[in-house]
Amino acid sequence: MSDLPRKAVTRTAKLAALPLGFAGRTALGLGKRIGGRPAEMIASELQQRTAEQLFSTLGQLKGGAMKVGQALSVFESALPEEIAGPYRAALTKLQEAAPPMPSQSVHAALEKRLGSDWRDLFEEFEDKPAAAASIGQVHRAVWHDGREVAVKVQYPGAGEALLSDLTQLGRFARLLGPLIPGMDIKPLITELRDRVSEELDYALEAQAQRDHAAEFADDPDVVIPDVVHQGSEVLVTEWMDGVPLSEVIADGTPEQRDRAGQLLARFLFSGTARTGLLHADPHPGNFRLLPGKAEGGGPEQWRLGVLDFGTVDRLPDGLPPLIGAALRGALEGDAEGVYAMLCEAGFVRESVELDPDAVLDYLIPIIEPARAEEFTFTRGWLRTQAARIADPRSPAHQLGRQLNLPPAYLLIHRVTLSTIGVLCQLGATVRMREELRDWLPGFLPDGDGADEGGGGGGDMAEDGEPGPGESHAGALDPSECGPADGPADGAVEEPADEPFEKAAGR
C-alpha cells in the first residue's frame, strides 16, 4: 500500500461496502440453507468472512476506522462464544499492527518536522516500523546520545482522515450492528470524534507522558518511558522492550495472567490518583510486561509498561469521590444513601423517580468484583452480566433504561469497562478491593486507613455475597444506561437501545 488513503470518496466507498457486503453474505447464506446445509455451519462461515472483511478494511484505512476497531477489540469478551470466536483473531490483529507507511513518506515527514539534517539526530534509524497504529507508526532508533528510542511519526493527512472516517462510520453505525452483534458503536464513535484534536496533538501527549514518567520513575510495579523529543507530528520516547499483553492473553500461564491483571487494575486506579490523568486507551497493544529487577524472578516480580498517552482524561482531583462512596454504600446495603448520591450527580434526572431498593438490587450484582478479597474475571462471567442487563424482559433492563450518564463520567466509564474487558480476556484473579482501598477516593469512610476494612465492604463479602449459581450483571457502572426521556443539559443523547449495547459503545 502506498500511503494513508486521504480522499474522502475513496475512504467512504471502502467503509460503505461493509454493510453491503454483510447483506450479500446473509442472502447467500439463506440460499445455502435452503439448499440443505446446516444453519450452524453457514453462520460460522458468515461470521468468519464478515470479520475478515471488517477488520481488513479498518486496518487498511487506519485513521478513525482503525481506532474504532481497536476500541471494539476489548469488548469481544462480552459476546457469546459462538459469535466471539470468529472475531477474536481478526480483532487481535488491530491491537498491535496495521499496514505500514512507505519509507519515503516517513523520511519526508521527518525532514519536514525535524529538518533536512534529521538523520544527524540518530545514530541508527530502522526504516521498517516496529508498530503501526491508527494515526501514526513507530520506528525503533538510537538517539544521538546512545539511548534506544521509539520514534512515532504521524501519518500525513491523519487529522482529515480521522474526522472523515468517524463521520462516515457514525452515519451508518446502526448498519454495522450485525458485524459486531450485541453492541451499539455509535456512542463510541461520537466520543472518539470529540477527542480527535487531542489525539493529534503530540505536545499534549508528550506532556501527559512526562507527567506519568516523573511520577512513576521509581515505582516497583509500573514503568513509563520518558519523552526524549517532541515535535508537531513526531514524538521520540525511550524504547521499552517487554512481552506484549496480547501474548499473555493468548498464551500466558495462570500466574502470568494474574500478575498482569493485578498490575492493570493497580494502574487504572493509582495512575489517576497520582497524576490527575486517566490513561484512556487501555487496549492490550498499549501494555508490556517487563521482568523484575532481580535476575531469575518469576511473574510475581513483573512490572507493567504503559505506552501511548495520546488520549487522557484530565482529572486534577483524581476520580470523583462519588464513585467510591456509592460503591461503599452499595456494599453496605444503604439503598437510600446510594440513590441520593446518584440523583445529586445526575445519574437519575429530576424528571425520573425510581425505587431506591430496586436501584440497589440493580447495582449489587454489578459490583461483585469489589465484594471479595479476590475475584476471577472470565469471559463467561462478563457474558452473563451482559445478558442480564440486555434482556428486555429483565427488571434490570427496564430500570437501566431510566438511568442517565452525566458527561463528566463518560470517559471514566468507558475506560473502566474496557479495562474489565481486558481482565476478562486475561482470565485473571485480581485483588480488586485492595486497589480500591488504596486508591479510590470515597471508598473508605472518612478517617479510615487502607488496612481498616475497605469502607465496610469486608463484612459484605462474607455475609451477603451471591452464590456461584446466581446471575450477575456485568462489571458495569450504572452509567452504562442512557436517558429514558430527552437529554439533560450537556448530556449525551442516544436512542433507547439495550443498556449493555450502550455500555459497550461507551
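Helices (H or I, at least four residues) and strands (E, at least two) are DSSP runs, numbered from the N terminus. The model on screen is a predicted one, in which local features need pLDDT of at least 70 and side-chain atom pairs count only at pLDDT 80 or more, while totals for chains, interfaces and linings use all residues. Residues are numbered from 1 along each chain as its sequence is written, and side-chain values use heavy atoms, with hydrogens and water left out.

**The whole chain**

Begin with everything shown: the chain holds 20 helices and 14 strands. Of its 506 residues, 56% count as buried, where buried means under 20% relative accessible area, exposed means over 50%, and partly exposed lies in between (1.4 Å probe, protein chains only). The accessible surface of the chain comes to about 20500 Å² (Shrake-Rupley method with a 1.4 Å probe; for residues, only the protein chains shown count as cover), and 51% of that surface belongs to carbon and sulfur atoms. If a contact is taken as heavy atoms within 4.5 Å, then among contacts between residues at least 6 apart in sequence, 74% join residues at least 24 apart.

**Pro441 and helix H12**

Select Pro441, which sits in the loop between helix H18 (432-439) and helix H19 (457-463). Pro441 is partly exposed, with a relative accessible area of 26%. Leaving aside residues up to four places away in sequence, Pro441 touches Leu319, Pro320, Pro321, Gly324 and Ala325. Asp317 is worth adding to the selection, since its C-alpha is 9.5 Å from that of Pro441 although 124 residues separate the two in sequence.

Extend the selection to helix H12 (residues 321-332), whose 12 residues reach 17 Å from the first C-alpha to the last, close to the 16 Å expected at 1.5 Å a residue; the expected span is 1.5 Å times one less than the number of residues. Nine of the 12 residues of H12 are buried, so the helix is largely enclosed by the rest of the structure. Among these buried residues are Gly324 and Ala325, both of which are touched by Pro441. Just after H12, Gly333 takes a positive phi of about 80°.

**Strand E3 and its partners**

Move next to strand E3 (residues 136-143), of whose eight residues seven are buried, so that E3 is largely enclosed by the rest of the structure. Two strands are said to pair if DSSP finds at least two bridges between them. Strand E1 (residues 122-125) runs antiparallel to E3 and is joined to it by three bridges, with Ala141 of E3 as the bridge partner of Phe125. Strand E2 (residues 131-132) is also antiparallel to E3, through two bridges, and here Ala131 stands opposite Val138. Strand E4 (residues 148-154) pairs with E3 in the antiparallel sense over seven bridges, with Val142 opposite Glu148. In the hairpin of E3 and E4, which has four residues between the strands, Gly146 takes a positive phi near 95°.

Now show helix H5 (residues 103-114), whose buried residues are Ser105, Val106, His107, Ala109, Leu110 and Leu114. The cover over these buried residues includes E1, E3 and E4, together with strand E6 (227-230) and strand E7 (234-238). Just after H5, Gly115 takes a positive phi of about 105°.

**An open sheet**

Select the open sheet of four strands in the order E5-E11-E10-E8, which has mixed pairing. Its edge strands are strand E5 (222-223) and strand E8 (243-244), each pairing on one side only. E8 pairs with strand E10 (residues 287-290) in the antiparallel sense over two bridges, and Arg288 in E10 is the bridge partner of Pro244.

**Nonpolar cores and cysteines**

A nonpolar core is a set of buried Ala, Val, Leu, Ile, Met, Phe, Trp, Tyr and Cys residues joined through side-chain atoms within 4.5 Å. The largest such core has 75 residues, and Leu245 and Phe377 have the most contacts inside it. Its largest share, nine residues, comes from helix H17 (residues 410-426). A second, separate core of 27 residues includes Trp118, Ala141, Trp143 and Val236.

Centre the view on Phe377, which touches Pro369, Ile420, Leu423, Cys424, Gly427, Ala428, Val430 and Met432, residues up to four places away in sequence not being counted. Cys424 is buried, with a relative accessible area of 2%, whereas Cys343 counts as partly exposed at 30%. The structure holds zero disulfides, a disulfide being a pair of cysteine sulfur atoms within 2.5 Å.
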